[in-house]
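Colleague: Got a minute to walk me through this one? I'd like the cut-offs as we go.

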2 protein chains.
Amino acid sequence: MDLKSFVTSLGSSFLIFVVLMIIFAWLSTRQGNVVVYYPNRILKGLDPWEGGSGRFRNPFAWIREALSTSEEDVISMSGVDTAAYFVFLSTVLGILVLSGLVLLPVLLPVAATDNGNKSSSDTTSNGTFSDLDKLSMGNVEAKAPRLWAFLLGTYWVSFVTYLLLWRAYKHVSALRASALMSPEVKSEQFSVLVRDLPAATEGQTRKEQVDSYFKTIYPETFYRSMVVTDNKKVNKIYEELEGYRKKLARAEAIYAESKKTGKPEGTRPTNKIGFLGLIGKKVDSIEYYNEKINETIPKLEAEQKVTLREKQRNSALVFFTSRVTAACAAQTLHARMVDNWTVIDAPEARQLLWSNLEINFYDRQIRQYLVYIVVFLTIVFYMIPIGFVSAFTTLENLEKILPFLKPVVEEQAIKTVLEAYLPQLALIVFLALLPKFLLFLSKLEGIPSESHAIRAASGKYFYFSIFNVFLGVTIGGTLFTTIKRIENNPNSVVTLLADSLPASATFFLTFVALKFFVGYGLELSRIVPLIIFHLKRKYLCKNEAELKEAWFPGDLGYGTRVPGDLLILTVVLCYSVIAPIIIPFGVLYFGLGWLILRNQALKVYVPSYESNGRMWPHIHKRIIAALLLYQVTMFGYFAVKEFYYAPILIPLIIITLIFAYVCSMKFYRFFRCTALEVASHELKEVPNLERVFRSYIPPSLNSEKIDDEQFEDALSQVSRTTSMV
Amino acid sequence: MDLKSFVTSLGSSFLIFVVLMIIFAWLSTRQGNVVVYYPNRILKGLDPWEGGSGRFRNPFAWIREALSTSEEDVISMSGVDTAAYFVFLSTVLGILVLSGLVLLPVLLPVAATDNGNKSSSDTTSNGTFSDLDKLSMGNVEAKAPRLWAFLLGTYWVSFVTYLLLWRAYKHVSALRASALMSPEVKSEQFSVLVRDLPAATEGQTRKEQVDSYFKTIYPETFYRSMVVTDNKKVNKIYEELEGYRKKLARAEAIYAESKKTGKPEGTRPTNKIGFLGLIGKKVDSIEYYNEKINETIPKLEAEQKVTLREKQRNSALVFFTSRVTAACAAQTLHARMVDNWTVIDAPEARQLLWSNLEINFYDRQIRQYLVYIVVFLTIVFYMIPIGFVSAFTTLENLEKILPFLKPVVEEQAIKTVLEAYLPQLALIVFLALLPKFLLFLSKLEGIPSESHAIRAASGKYFYFSIFNVFLGVTIGGTLFTTIKRIENNPNSVVTLLADSLPASATFFLTFVALKFFVGYGLELSRIVPLIIFHLKRKYLCKNEAELKEAWFPGDLGYGTRVPGDLLILTVVLCYSVIAPIIIPFGVLYFGLGWLILRNQALKVYVPSYESNGRMWPHIHKRIIAALLLYQVTMFGYFAVKEFYYAPILIPLIIITLIFAYVCSMKFYRFFRCTALEVASHELKEVPNLERVFRSYIPPSLNSEKIDDEQFEDALSQVSRTTSMV
């Protein structure tokens, strides 16, 4: 890619960004869109616009607001997980700014004033020399003393990263601590999850088994237990019932509206009862759904009883009267054998993956390894198609393979646009297919909570992106040339990546620019959710509940957002010394990201769970993985440059490993469990344990009609148990 | 080594064994030796001989007694650690017996009836063919279908090992559980050790810091704390004082005796006060030592005060009123940062390595790695001399290098004895030098308890023996020939061990036989301790205390005993299929060992600590390491035999790794910490916490004169603390 197409690409991305900004400034001030642009504030019962109503509002007020909000605001509006995500963004921003401040003024002149490049040809994508390439390390002659500057640059970037990561880990650890020691009563802090219950002895119910076990160990602080049941069938009936209720509400809304608009007696809505409501007998909707509801309720109640009595599984939730005991219990070995009575801290009720709880210890281990194998195969075999996609979609290759395209492609305007976007678009579309698959796989592992499954999926996605996008594109982009070279000299596999890096520099510059201009532009302006909402409101939604469902924003989506950001970070780090010109792009990406997501976190997205920053060690580990990849790559690239002092980089790699080890030794355990000094902080009130307990009853089993007497088999009550023991 | 020298060696070993047995039968029935042969029973206040007094006793009664005692007897006489050691011996015995029952009748005929050996020459030590070698796998022709029998033999031995190891782990785990749930009050079950205390805040003493921290977390079950002090100086003064007291008692005994034997007024003993009592002024001993004692006591008391007030260090012992809380506390994270407030379970008071407690978190890490490096270097560089020793000490090599020895060595009788013993003796002497060094290194790591340090040293010693004795002798014995071969064909490094094994088979047969006949003969007859005791009694001991010191037997010495046994096991396992004739030797070693050590454990040795079977996972891991080495060696040896189906052994290696993983997952955690269901068993009495607390005060700080008021700074008391907080 030459300079011209690069500037074109950059320019058009920027244009799209500006347009999207204007659209946002205009649309976000309109009353009708308020639920799309301020749902989080509305759901929290706050005024969408702080001071000054919409119409006369400064269209750039959001920037001032985003900049002026403190971390506490973020935590109160969006939780600790979001705050940890911002620590990530600002840490990376810090790393890049500090790196850029030194690398740009030093390395660019060093590279630009050398003339080594004229004799070598491994610096530009297609051998055409451009001004951009003159600013990169590729322009420096092999073995030149100037390479010392780049070597020191590598050290500088690494040490900046160590420093800021260390501070960030400390900071997130403090955030987590203050969340866990908060005086608010949080149900999950009084509960533990017990898995792998052994078979109960003859004549003992599960509940009696669990109660007597925990009462013996915690005679004073045990409150109550809830045996996990197999809820598949009861959930199905419950969903059916909820479906009928929604349809009934909808039919009633239509009827009420028809009274207003048409005849005063109104038109009673009807529907067909056959396949998808398209065939079959026509019936009066309100009557029909009322009837269905009346039919289903007793069915549900019967199934609830059966579930609670007969579908108990080998795990349970146990509730304590004290936070310290719950935190203790979650960390200690209860039974002699580890595969019995496994106790872990309970996730929030809303993120409990109920159906995974019954999977036993060995199954979980086996599932985990099977999933790892599947993911490994996925990563390896996706690499082949992605390599080809990226090799084919460079225009010259396309011309070679599909010669009939030549007349179209040679058209200057088309050529420029195609050259700028084709490979990147192919890549972005390609990557959008995967996350759901990885989340599905992660849940198969038997993980008990949603947040944990998302972390696991996100980790897999990160490694996938690195191997397939970064390595795939870099090595794949020079696939045709490199295969030949490897054939001639098999040893060059070692320096394969280092060798291919410079050729893909402009590709990644464009990739990053596209991501931040178009990606964040779409993010802020929320064009797609806006259109969907308005369409739904006009044609589908008939009542308040349906309307709310239409604008409900969901959460930030860490599962894909974090690996996406980490991929950008990896790219920018790996190029930071080779082509320092990428650093400003990285700074823009993370700076804009921080600003725009701050707005989104405060006003738009509603977190769907709270894991108190457990995402952080995960992010930290992957930043270090990126740093390691960067250092190894640099080592390889210095070797390509035939620089004798390249081994000076080996201590750096060892320091990174030590740093990773020390961090995980020092900080990690607190993210896996709750420190007792934190849990022992005082509460502002005596916890209402009945409420804590009730919060874990799944909605499909929650019924006012079912009194405690019937819950007895699966849900225990201490007073009753005590008299039995 | 040919058959004749092998039989000679075996015969002479057996002769020594028989002589030692007779000596034992004779000496052990004499009243005067009772403290040498029955010290453990005497110290436990039991009658040395159960039923029938010494003189008329059946000299083989000890065998019946050893066989008839149950595991409970062993535990009550010698503790759970000893019982776990016997589980080890009987498990290995079981493995070898079951292996032998199948391998001996099947593999010996298969090997003996083949004639492949005549054409190959890699089977005997020096190319001389012997009957022994005919019974080994070396006698089977390369590529022969008969090798299938050996391959199946390899599988059989492995599966027998899995089965018995699994049962043994379960069994030891049950032993540990019943020890930990015993209704007896054991001090260490109410205590935890807290290390890495952060700096106390201004105006707060260490004791206040610890007390307030633990009172917040465990308001109901916290009892008291004891801050660890730097006792170096006070210990020194205390030892000085104890020395004077001993000398005074001795002087008084001499004086009393002189009254009886000599003049009625007696001779007052005197001594010189200069260097080693050899020079200087002559003084009256009783007066002198009394004076010294009176001088030292106030010094000790002053130093005790100073130590308690000013030499407090960054760790403490914390005592709880409940076993469950102590078990909980030892497993849970207390502070956010792992390098602060590290809580682990307290070792017994008697095995606490007081001076290691103040070493902080990072120092411990660094020390550990440094020690690992030192041990690694030791292992690697010891290999060189030991290889040469073993290569030189084969007679033929000696003759070559030192030709003037030839006339002596050619003498038939000398030659036979030398050939039989020279290499083994060199080896045994060599190995005796190391354990103390390794224990010293292990203590440098900052380990808090004696038993842990011994485990660590014993692990290092095991790896040392394997690498240096087993591999060193095997490869070193053929060093001169193999070096040449490697020069010609570098790839043969892979099959080096497999290639060298058969040549060293008879060496190890003799080694094992020497170990069990002479080693266990000496063990049972206790010739050396007996002689030392009688010499001391006659010439040195003047009073009861000194006499007791002279016969006090010490403990079983797991630190060297376990790695020794494991070395034999490794040797026997590795040869079990190659030369099955070694199996009966292994059976004899472990069978005799079980019998003789049973006697010693019941009647002689006094355990110096109790770790409730924590040694087991350590032994288990190393048995598996031996099994792995065996499987890898067999794989190599089948490759040497050019057997096409050798890769069938690869799944076996994978199964071993999985087995090791599953065992450590399932069982290990309970050996690292106490399961709560075990700790929650009822006690037979309300624990006397004052006594629990006092048991941890080191003798040098323990003084009736020092009342609680003065202990206040380092030793806390709840009532006082409560009023302060």
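Modeller: Sure, starting with a definition: a polar contact is a pair of N or O atoms within 3.5 Å; within protein, one must be able to donate a hydrogen and the other to accept it, and residues adjacent in sequence count only if both atoms are side-chain atoms. This is a predicted model, where local features need pLDDT of at least 70, side-chain atom pairs count only at pLDDT 80 or more, and totals for chains, interfaces and linings use all residues. Side-chain values use heavy atoms, without hydrogens and water.

Colleague: Which backbone oxygen does the side chain of A:R195 reach?

Modeller: A:R195 is buried (under 20% relative accessible area, 1.4 Å probe, protein chains only) yet has no salt bridge, meaning a side-chain nitrogen of Lys or Arg within 4 Å of a carboxyl oxygen of Asp or Glu. The nearest side chain of opposite charge, A:D196, is 5.6 Å away. At 3.0 Å, the side chain of A:R195 reaches the backbone oxygen of A:G446.

Colleague: Within what arc do the buried residues of α4(A) fall?

Modeller: In that helix, A:A61, A:W62, A:E65 and A:A66 are buried. They line one face of the helix, because seen down the axis they fall within an arc of 130°.

Colleague: Between chain B and chain A, how many salt bridges are there?

Modeller: The contact (heavy atoms within 4.5 Å) takes 39 residues from chain B and 39 residues from chain A. The side chains of A:K666 and B:D339 meet in a salt bridge at 2.6 Å, N to O. Between chain B and chain A, the salt bridge count is 2.

Notes
Residues are numbered from 1 along each chain as its sequence is written. Chains are lettered from A and ligands numbered from 1 in the order in which they are written. Buried means under 20% relative accessible area, exposed over 50%, partly exposed in between (1.4 Å probe, protein chains only). Helices (H or I, at least four residues) and strands (E, at least two) are DSSP runs, numbered from the N terminus. The arc is that of the directions from the helix axis to the C-beta atoms. Lys and Arg count as positive and Asp and Glu as negative; His and the chain ends are not counted.
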